[in-house]
Amino acid sequence: MNFEGRDVISIKDFSKEEILYILEVAQKMVPIAEGKEKSDLLSNYIMASLFFEPSTRTRLSFETAMKRLGGMVIGFSQPGTTSIQKGETLADTIRTAESYCDVIVMRHPNEGSARLAAEFASVPIINGGDGAGHHPTQCLLDLFTIKREKGSIEKNRIALVGDLKYGRTVHSLAYALALFGVDMMFVSPPELQMPKEVVEECREMGVDVTISNKLDNLDEIDVLYVTRIQKERFPDPEEYSRVAGSYRIDLKTLENAKEDLIVMHPLPRVDEISSEVDKTKHAAYFRQTFNGVPVRMALIALVLGEVK
Amino acid sequence: MKELKVQPIKDGTVIDHIAPGNALKVLKILGITETQPDSVISIAINVTGKRGKKDIVKIENRELDTKEVDKIALIAPNATINIIRNTEVVEKRRVEVPDEIVGIVKCANPNCISNMKEPVESKFIVKSKNPLRIKCYYCEREPDDISSQII
Ligand SMILES: [Zn+2]
């Protein structure tokens, strides 16, 4: 499989076979990501890391990925100090950056920005999040986590919990899980339900989807994917506290859970998951964060053509 | 009631088979709602034709180019365009919804990169021609009301 020169804009640009191949390469990257093995695979390459809005976690993970493979990183972590503030177009910023580097990772507040950047760049663009649009590397690292923790993606029943309306990661994740034939439960307050198009799309892909506003039947669930319910979504702070509280995961929630249930969260969390869960074997969210590094190493090496 | 005949024209464009009630929209899309000194425009609404009721628009001294025809296709997908020179029909073409719509519809998402000051035209991918469904190439949103988003 050859990914050389390819852009990574949306998870939908990849087939199931391609996704599995990326995860396979990511698995091989794990010892290097852990610092147990050294690599100079990308020692002649420069990655531009263009963060038009701050996202510490995503940026650090990408930059670590590049450096673990011996590559170099240039870029900025917020647009404040750059010519963008002076009104430069994204197209011009990209045309400038690509003349200095071999691959561009970008995060930008406008939907479709990565797609636009890809039109102007001859080097591969990796989308690190475009507004409320896509965040394909998050989706891949979520899939990688499920595969590593559970042995396979397919044989699980997965519940997505929290803000399913605005949480962009859950839309791509639902699509990707449907691609793998995974049955899902969408658990959210009624006002933050999974958009109809996403539900329809999953059903058209042949998977069984249950919609609920209560987190029950936990004994049937293998993976609990929790997302943050944001305060801004509720005009009334009391309403927010009541709603957010009813989806909070703590030891009591997990009482009836399967032995090997894993709890995932894209982080940062506020109080969706009580810290008492951290020490249980269910807590997979810190390992999930780590998994961002080998997945991003795999993607960078693949689009640069150093892994085939 | 006395029938009001639309006179044949010598040079220009006749847009026929517009779904009844859409003639004024077609003119709006073409940007010729205001009086144009060199162009006489006749409109016939609810004309009974062979295939039922229809609207007809006749524009004198102006030949529509393909890009303009594409614009019409979005609200009058069954229309035919007749180019008239010296009272003869020299060209007759059907409007067809293209696979891609470039520079005609503005994305309804204010946060879409195509609505920022970037050197690109708006671009939509046609998901289905009947019923017409399009999605923004950049942000992938579908406009609720296409005709209100026409540039
Ligand atoms: Zn758009």
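Let me start with one side chain, A:Phe286, which counts as partly exposed because its relative accessibility is 48%, below the 50% above which a residue would be called exposed. Please keep in mind throughout that what we have on the screen is a predicted model.

The neighbour of interest is A:Tyr285, which is buried, with a relative accessible area of 0%. A pair of aromatic rings is described by the distance of the centres and the angle of the planes. For A:Tyr285 and A:Phe286 the centres lie 5.1 Å apart and the planes stand at 65°, so the pair is edge-to-face. In chain B, the rings of B:Tyr137 and B:Tyr138 also form an edge-to-face pair, because their planes are at 85°, over the 60 degrees that this class requires, and their centres are 5.0 Å apart. Of these two tyrosines, B:Tyr137 is partly exposed at 22% relative accessibility, whereas B:Tyr138 is buried at 3%.

Over all chains, the structure holds 6 aromatic pairs, and in chain A ring pairs join A:Phe3, A:Phe14 and A:Tyr21 into a cluster.

Staying with rings, but turning to charge, I would point you to two places in chain A. The charged end of A:Lys12 sits over the ring of A:Tyr175, at 5.0 Å from the ring centre, and A:Arg233 lies over the face of A:Tyr166, with a distance of 3.8 Å to the centre of that ring.

Now to the interface between the chains. The contact draws on 16 residues from chain A and 15 residues from chain B, and the area buried between the two chains is about 1,200 Å², with carbon and sulfur atoms giving 49% of that area. On the side of chain B, the residues that lose the most area to chain A are B:Asn111, B:Ile113 and B:Tyr138, which together account for 38% of what that side buries; B:Tyr138 is thus the tyrosine we met a moment ago in the edge-to-face pair with B:Tyr137.

As for the polar side of this interface, there are 3 salt bridges between chain B and chain A, and one salt bridge joins the side chains of B:Arg141 and A:Glu111, at 3.3 Å from N to O. Across the interface, 11 residue pairs are found in polar contact. Sorted by class, the residues of chain B that touch chain A comprise 8 nonpolar, 2 polar and 5 charged ones.

Key
Residues numbered from 1 in each chain as written. Chains lettered and ligands numbered in written order. Predicted model: local features only at pLDDT ≥ 70, side-chain atom pairs only at ≥ 80, totals over all residues. Heavy atoms only, no water. Phe/Tyr/Trp six-rings, centres within 6.5 Å; stacked < 30°, edge-to-face > 60°. Buried < 20%, exposed > 50% of the residue type's maximum accessible area, 1.4 Å probe, protein only. Lys NZ or Arg CZ within 6 Å of the ring centre and 35° of its normal. Contact = heavy atoms within 4.5 Å. Buried area = accessible area lost by both parts, 1.4 Å probe. Salt bridge = Lys/Arg side-chain N within 4 Å of Asp/Glu carboxyl O. Polar contact = N/O pair within 3.5 Å; in protein donor to acceptor, adjacent residues only side chain to side chain. Nonpolar A, V, L, I, M, F, W, Y, C, P; charged D, E, K, R; others polar.
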